[in-house]
Amino acid sequence: MTIRSFRITTQCADPRRFFACLEHGSLVFHLVVLHAPCLSKNKGYGTRPIDAIAGWWKETARLFTDHITSDLVWVFVDANAPINQEFSPHAGAAGSEEPTRKVLGEFLQALTLFVPSTFEHFHHGPHATWTLQRLQVPQGLYSHQ
Amino acid sequence: MQPGHSSGSKYRRDYILTSKAAFELVTWVDFDTTFCHDDHVPLWLQVQDAAE
């Protein structure tokens, strides 16, 4: 069975969310791709006060309720948020980072979603997925007056 | 450091989330560190089940 075997339906799409339903006979599952807004981008494009970010997660949860019809769901997310075992059993202790806000954990709890990479018996290798880019300014751009 | 890769602090910000039924099919999780990327590492997840 390959991806070509499935009838694929786009259920919802916007610049930060994509919901698809894949069907093959009685086998039905959903693939969801999310890119959560980032609090640290505090000016220009990407400005998102925490209330707006919480609203984005809440609206995403509503879209799940509207579109997800199968028990089988996989969500691929750039969450722009850490997670730890505070939200057990939805997340484990492996590679934990202290969350400063609870929006991701509350999203997991509300939708009964789990994070396999936070459990040692599933995950192998390093835990970091994102590298903070350093701003490197060429020395010639400095002005010494 | 490989060309094109960032060199700052590293964090976990990307995840594959699963429903309970999908979680029970998971057998392996890792990252694709061979993929050419700028700052995010692609995740992959292996699942296994039998079709009736």
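Start at A:W74. Across from A:W74 stands B:T18, in strand 2 of chain B. Keep in mind that this is a predicted model.

Now widen the view to the strands. Strand 4 of chain A, residues 73–78, pairs with strand 2 of chain B. The sense is antiparallel, and the pairing runs over 5 bridges.

Next, chain B itself. How many helices and strands does chain B have? There is 1 helix, and there are 4 strands. Along the sequence the order reads β-β-α-β-β. The chain has 52 residues, and 27% of them are buried.

On to the contact between the chains. Chain A puts in 34 residues, and chain B puts in 29. Which elements of chain B supply at least two residues each to the side that touches chain A? Go through them in order: strand 1 at 10–11, strand 2, helix 1 at 20–23, strand 3 at 26–31 and strand 4 at 43–47. Strand 2 of chain B gives the most, with 6 residues. That is the strand we just saw paired with strand 4 of chain A. As for chemistry, the chain B side splits into 15 nonpolar, 7 polar and 7 charged residues.

Now the helices of chain A. Helix 1 covers residues 50–67, and helix 2 covers residues 103–111. Their axes come within 10 Å and cross at roughly 15 degrees. Angles under 35 degrees count as roughly parallel. Helix 1 and helix 2 of chain A are therefore roughly parallel to each other. The crossing of these two helices is right-handed.

Who makes that contact? From helix 1 of chain A, take A:I53, A:A54, A:W57, A:A61 and A:F64. From helix 2 of chain A, take A:V103, A:F107, A:A110 and A:L111. What is the character of this contact, nonpolar, polar or charged? The residues divide into 9 nonpolar, no polar and no charged.

A general point on spacing. An α-helix has 3.6 residues a turn, so residues three or four places apart point the same way.

Stay with helix 2 of chain A. Which of its residues are buried? They are A:V103, A:L104, A:G105, A:F107 and A:L108. What do these buried residues pack against? Within chain A, they meet helix 1 and strand 5, residues 113–114. From chain B, they meet strand 2, residues 14–19. So strand 2 of chain B turns up again: it packs against buried residues of helix 2 of chain A, and it pairs with strand 4 of chain A.

One last residue. A:T112 follows helix 2 of chain A, and its phi is positive, near 55 degrees.

How values were computed
Residues are numbered from 1 along each chain as its sequence is written. Chains are lettered from A and ligands numbered from 1 in the order in which they are written. This is a predicted model: local features need pLDDT of at least 70, side-chain atom pairs count only at pLDDT 80 or more; totals for chains, interfaces and linings use all residues. Axes are lines fitted to C-alpha atoms, for helices over the stretch in contact, and angles run from 0 to 180 degrees between N-to-C directions. Angles under 35 degrees count as roughly parallel, over 145 as roughly antiparallel, 65 to 115 as roughly perpendicular and the rest as oblique. A crossing is left-handed if the near helix is turned anticlockwise from the far one by less than a right angle, and right-handed if clockwise. Two residues are in contact if their C-beta atoms, placed from the backbone, lie within 7 Å. Ala, Val, Leu, Ile, Met, Phe, Trp, Tyr, Cys and Pro count as nonpolar, Asp, Glu, Lys and Arg as charged, and the others, Gly among them, as polar. A residue is buried if 20 or more other C-beta atoms lie within 10 Å of its own, exposed if 12 or fewer, and partly exposed in between; C-beta atoms are placed from the backbone. Two strands pair if DSSP finds at least two bridges between them.
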